[in-house]
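This report examines how one protein chain is packed in its interior and which side-chain pairs can be identified in it. The sequence and the structure are shown first.

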Amino acid sequence: MKDLAARCGAIEECYEFMLAYAAQGVVEEAGSSASGQLRTFLQRAELALDGLAGSCRAAVDEDGLQPVDRYVAFIDVLDRDARSALAAVGLVLAQPSISSQLIDNLNASIHLRALLTDLFLIDEILKTRARNPV
């Protein structure tokens, strides 16, 4: 559960930082003091995305959540969305300069938004289950 929470935190922190970066109007990455931080946040998110579904599976197993088939079906969706978001983040990281507009486009990406919605959903379910075990 801690691994999943750490991964979710890294992804959410990256998204929040990207919102602020996008608002700065950076045209050339070299002209921004936040650009180094941006790449660090993106790299952390990239690491968190790689293996996210496995971490979620482990949390479900650890907590013995039932009905397991419902969780497995959702984890398959999470895996697809995480792989799509990972590809988008990797593409951005491969660019020699990352502008605010590029980050704004990444923030608007349906892949990233779907992933964030998945994370909010599973995070809330797991928190509720931890507070109120069945």
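In this predicted model, the largest nonpolar core comprises 43 residues. The residues with the most contacts inside this core are M18, L42, L52, I103, L106 and L115. Each of the helices α1, α2, α3, α4, α5 and α6 supplies at least two residues of the core. In soluble globular proteins, nonpolar side chains tend to be buried together.

M18 illustrates the contacts made by one of these core residues. Apart from its neighbours within four places in sequence, M18 is in contact with L38, L42, I103, L106, N107 and L112. L42 is itself named among the core residues with the most contacts, as are I103 and L106.

**Helix α2 and the aromatic pair**

Helix α2 spans residues 35-49 and has 15 residues. From its first C-alpha to its last, α2 reaches 21 Å, close to the 21 Å expected at 1.5 Å a residue. The buried residues of α2 are S35, L38, R39, F41, L42, A45, A48 and L49. They pack against α1 (2-23), α3, α4 (68-93), α5 (100-108) and α6 (110-131). Just after α2, G51 adopts a positive phi of about 95°.

Which aromatic residues pair in this structure? A search of the whole structure finds one aromatic pair. This pair is formed by F17 and F41, and its rings are stacked, with 4.5 Å centre to centre and 15° between the planes. The pair links distant parts of the chain, since F17 belongs to helix α1 and F41 to helix α2, 24 residues apart. Both F17 and F41 are buried. In addition, R44 lies over the face of F41, at 5.4 Å from the ring centre.

**Salt bridges**

A search of the whole structure finds five salt bridges. Three of them are listed below, with the N to O distance for each.

| Salt bridge | Distance, N to O |
|---|---|
| D3 and R7 | 2.9 Å |
| R83 and D79 | 3.3 Å |
| E124 and R131 | 3.9 Å |

D3 and R7 are separated by about one helical turn because they are four residues apart in helix α1. Are the two partners buried or exposed? D3 counts as partly exposed because its relative accessibility is 42%. R7, at 16% relative accessibility, counts as buried, the cut-off for burial being under 20%.

R83 and D79 both lie in helix α4, where they are four residues apart, about one turn of the helix. D79 has 25% relative accessibility and therefore counts as partly exposed. In the bridge between E124 and R131, E124 is partly exposed, with a relative accessible area of 41%. R131, at 53% relative accessibility, counts as exposed, as the cut-off for that class is over 50%.

**S55 and its surroundings**

The D3 and R7 pair also appears in the surroundings of S55. S55 is located in helix α3, which covers residues 52-63. With residues up to four places away in sequence left out, S55 touches D3, L4 and R7. S55 is therefore in contact with both partners of a salt bridge, and its relative accessibility of 7% means that S55 counts as buried.

Note on methods:
Residues are numbered from 1 along each chain as its sequence is written. This is a predicted model: local features need pLDDT of at least 70, side-chain atom pairs count only at pLDDT 80 or more; totals for chains, interfaces and linings use all residues. Side-chain values use heavy atoms; hydrogens and water are left out. Buried means under 20% relative accessible area, exposed over 50%, partly exposed in between (1.4 Å probe, protein chains only). Contact means heavy atoms within 4.5 Å. The expected span of a helix is 1.5 Å times one less than its number of residues. Rings of Phe, Tyr and Trp (its six-membered ring) pair if their centres lie within 6.5 Å; planes under 30 degrees apart count as stacked, over 60 as edge-to-face and the rest as tilted. A charge sits over a ring if NZ of Lys or CZ of Arg is within 6 Å of the ring centre and within 35 degrees of the ring normal. A salt bridge is a side-chain nitrogen of Lys or Arg within 4 Å of a carboxyl oxygen of Asp or Glu. A nonpolar core is a set of buried Ala, Val, Leu, Ile, Met, Phe, Trp, Tyr and Cys residues joined through side-chain atoms within 4.5 Å.
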